[in-house]
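The following paragraphs offer a guided reading of a single protein model. Please keep the sequence and the coordinates in view while following the text.

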Amino acid sequence: MTTLLVTHSVKDPDFWLASEKRAEFFGPLGVTNIRTFINPQDRSKVGVILDVPDIEKLKVALASPSGIAAMNYDGVLPETLVIHIES
C-alpha cells in the first residue's frame, strides 16, 4: 500500500464532506483508510489522505468516465487535482 495525499478544490465543501461517492468509487479499487481535510481559511480547498494498493490503476480510474462522473457529482474541480505520494 502507498499512502497518498490528494488535494483539490470543490464547489460545495459541505456536500463534498457528506458525499458517499468517495467510498463508492474508491472501494472497488481497494483504497482504504480514507481521511478528509478542509482548509479552514478557504473551505473550497480540500484534501484526502488514502492508502492505495495500485497507483496506476487509481490514475486510470480517475481519468475514466466513471471517475470523471464521480468528481462531477462531488463538485471536484479536476483541473485543481494534485496527487502527493508519501516518501
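How many aromatic pairs does a search of the whole structure find? In this predicted model, the search returns two aromatic pairs. One of them joins F15 and Y73, whose ring centres are 5.5 Å apart and whose planes meet at 55 degrees, so the pair is tilted. Since F15 belongs to helix α1 and Y73 to helix α4, the pair ties together parts that are 58 residues apart in sequence. As to solvent, F15 is partly exposed because its relative accessibility is 36%, and Y73 is also partly exposed, with a relative accessible area of 47%. The aromatic pair of F25 and F26 is edge-to-face, with 5.3 Å from centre to centre and 65 degrees between the planes. Both of these phenylalanines, F25 and F26, are buried.

Two basic side chains also meet aromatic rings. K21 lies over the face of Y73, at 4.8 Å from the ring centre; Y73 is the residue that pairs with F15. The charged end of R22, in turn, sits over the ring of W16, 4.4 Å from the centre of that ring.

From the rings the path leads to the nonpolar interior. The largest nonpolar core comprises 19 residues, and those with the most contacts inside it are L4, F25, F26, L29, L50, V52 and L58. Two or more residues of this core come from each of β1, α2, β3 (45–52), α3 and α4. F26 illustrates the connections: beyond the residues up to four places away in sequence, F26 touches V31, I34, L50 and L58.

V31 itself deserves a closer look. This valine lies in the loop between α2 (21–26) and β2 (32–38). Is V31 buried or exposed? With a relative accessible area of 8%, V31 is buried, because buried residues are those under 20%. Leaving aside residues up to four places away in sequence, V31 touches F26, L50, D51, V52 and P53. The C-alpha atoms of V31 and T3 are separated by 9.6 Å, although these residues are 28 apart along the chain.

The strand pairing can be followed from β1. Strands β1 and β3 pair in the antiparallel sense over eight bridges, and the bridge partner of L5 in β3 is I49. Strand β1 also pairs with β4 in the antiparallel sense, over six bridges; there L4 stands opposite I85. L4 has already appeared among the residues with the most contacts inside the largest nonpolar core.

Helix α4 has two distinct sides. Which residues of helix α4 are buried? They are G67, A70, M71 and D74, within a helix that spans residues 65–74. These residues cover an arc of only 95 degrees around the axis, which means that they lie on the same side of α4. On the other side of the helix, P65 and N72 are exposed. The cover over the buried residues of α4 includes β1 (2–10), α1 (13–18), α2, α3 (55–63) and β4 (76–85). Just after the helix, G75 takes a positive phi of about 75 degrees.

A positive phi also occurs in strand β2, where N33 is found. Most residues other than glycine have a negative phi. The phi of N33, however, is near 55 degrees, a positive value in a residue other than glycine. N33 counts as partly exposed because its relative accessibility is 43%.

The tour closes with I38, which lies in strand β2. I38 is partly exposed, with a relative accessible area of 23%. Apart from residues up to four places away in sequence, I38 touches P13, W16, L17, R43, K45 and V46. One of these contacts, W16, is the residue whose ring lies beneath the charged end of R22. I38 and E79 are 41 residues apart in sequence and 18 Å apart in space, C-alpha to C-alpha.

Note on methods. Residues are numbered from 1 along each chain as its sequence is written. This is a predicted model: local features need pLDDT of at least 70, side-chain atom pairs count only at pLDDT 80 or more; totals for chains, interfaces and linings use all residues. Side-chain values use heavy atoms; hydrogens and water are left out. Helices (H or I, at least four residues) and strands (E, at least two) are DSSP runs, numbered from the N terminus. Buried means under 20% relative accessible area, exposed over 50%, partly exposed in between (1.4 Å probe, protein chains only). Contact means heavy atoms within 4.5 Å. The arc is that of the directions from the helix axis to the C-beta atoms. Rings of Phe, Tyr and Trp (its six-membered ring) pair if their centres lie within 6.5 Å; planes under 30 degrees apart count as stacked, over 60 as edge-to-face and the rest as tilted. A charge sits over a ring if NZ of Lys or CZ of Arg is within 6 Å of the ring centre and within 35 degrees of the ring normal. A nonpolar core is a set of buried Ala, Val, Leu, Ile, Met, Phe, Trp, Tyr and Cys residues joined through side-chain atoms within 4.5 Å. Two strands pair if DSSP finds at least two bridges between them.
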